[in-house]
Amino acid sequence: MFSATSLSGDKPEQYAQLAGQARALLHGERDRIANAANLAALVYHALPRLNWVGFYFYDGVELVVGPFQGLPACVRIPLDRGVCGAAASSRRTQRVEDVHAFPGHIACDAASRSELVVPLVRNGALVGVFDLDSPDPARFDVMDQEGLETIARIYVESLP
């Protein structure tokens, strides 16, 4: 049975602890849905001031919602729309301080004010995105981005 521990120390130390917990949680499991579900729950409960954490998977045409924590979400996102679409199409992390100022933002949860979306790429192919929303403006900084990109890499490495 897995047991998460509380994060302590400064932000880099907390992300190192979270990465260790993520590795332990995904160790030996190859199912992408099971790992996405557990990872979304881990991050949602470990980090403060989040209102949505989850995955969207690329089906060859668009992004389709996968496992998440938070309110019900948009089911399908075209690659030319929103923060998730921008991360998927550019294959670059999108860190948005004010989602209302982002062109084409898709408001699945009206309470969301800032967002961080990490593309999931394996062997050059788009797998999907790892998406985090916060009700706080400018919730995510460079340290959050780096820490969550590490968490996303751990997920990608777990894929068969």
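This report describes the sheet, the largest cavity and selected loop residues of a predicted model.

## The sheet

Six strands form an open sheet in the order β3-β2-β1-β6-β5-β4, and their pairing is antiparallel. The edge positions are taken by β3 (76–77) and β4, each of which has a single partner strand, so one side of each is left without a neighbour in the sheet.

Within this order, β1 and β6 are joined by six bridges in the antiparallel sense. Two of the residue pairs across these strands can be named: Y56 is opposite V129 in β6, and G54 is opposite D131 in β6. On the other side of the order, β4 and β5 run antiparallel and are connected by three bridges. Here V96 faces E115 in β5.

## Strands β5 and β6

The pairing of β5 with β6 is antiparallel and comprises nine bridges. V118 has F130 as its bridge partner in β6, while V117 stands opposite D131 in β6. D131 is thus a residue of β6 that stands opposite G54 as well as V117.

Both strands are mostly covered. In β5, seven of the nine residues are buried. In β6, nine of the ten residues are buried, so the strand is largely enclosed by the rest of the structure. As a general rule, side chains in a regular strand alternate between the two faces of the sheet.

## The largest cavity

The structure holds one cavity of 30 Å³ or more. The volume of the largest cavity is about 180 Å³. Its lining consists of 18 residues, and those nearest the centre are I106, C108, E115, D131 and D133. Among these, E115 is the residue of β5 opposite V96, and D131 is the residue of β6 opposite V117.

Three elements each give at least two residues to the lining of the largest cavity: β1 (52–58), α3 (82–90) and β6 (125–134). The largest share, three residues, is from α3. By residue class, the lining is made up of eleven nonpolar, three polar and four charged residues.

## S112 and its surroundings

S112 is located in the loop between β4 (94–96) and β5 (114–122). The relative accessibility of S112 is 2%, which is under the 20% limit, so S112 counts as buried.

The side chain of S112 makes two listed polar contacts with other side chains. One is with the side chain of N51, at 3.1 Å. The other is with the side chain of D133, also given as 3.1 Å. D133 is also one of the residues nearest the centre of the largest cavity. Leaving aside residues up to four places away in sequence, S112 touches N51, V99, H100, D133, S134 and P135.

## Positive phi at R91 and N123

Most residues other than glycine have a negative phi. R91 departs from this pattern, with a positive phi of about 55 degrees although R91 is not a glycine. R91 sits in the loop between α3 and β4. Its relative accessibility is 41%, so R91 counts as partly exposed, a class that lies between the 20% and 50% limits.

N123 also has a positive phi, near 50 degrees, and is a residue other than glycine. N123 belongs to the loop between β5 and β6. These strands form a hairpin with two residues between them, and N123 takes its positive phi there. With a relative accessible area of 76%, which is over the 50% limit, N123 is exposed. The strands that flank this loop are mostly covered: seven of nine residues are buried in β5, and nine of ten in β6.

Methods: Residues are numbered from 1 along each chain as its sequence is written. This is a predicted model: local features need pLDDT of at least 70, side-chain atom pairs count only at pLDDT 80 or more; totals for chains, interfaces and linings use all residues. Side-chain values use heavy atoms; hydrogens and water are left out. On a 1 Å grid over the protein atoms alone, a cavity is a set of points where a 1.4 Å probe fits but cannot get out, and a pocket is an open set with protein on both sides within 12 Å along at least five of seven lines; lining residues have an atom within 4 Å of a point. Grid points are joined across faces, edges and corners, and a volume is the space filled by probe spheres set on the points. Helices (H or I, at least four residues) and strands (E, at least two) are DSSP runs, numbered from the N terminus. Ala, Val, Leu, Ile, Met, Phe, Trp, Tyr, Cys and Pro count as nonpolar, Asp, Glu, Lys and Arg as charged, and the others, Gly among them, as polar. Buried means under 20% relative accessible area, exposed over 50%, partly exposed in between (1.4 Å probe, protein chains only). A polar contact is a pair of N or O atoms within 3.5 Å; within protein, one must be able to donate a hydrogen and the other to accept it, and residues adjacent in sequence count only if both atoms are side-chain atoms. Contact means heavy atoms within 4.5 Å. Two strands pair if DSSP finds at least two bridges between them.
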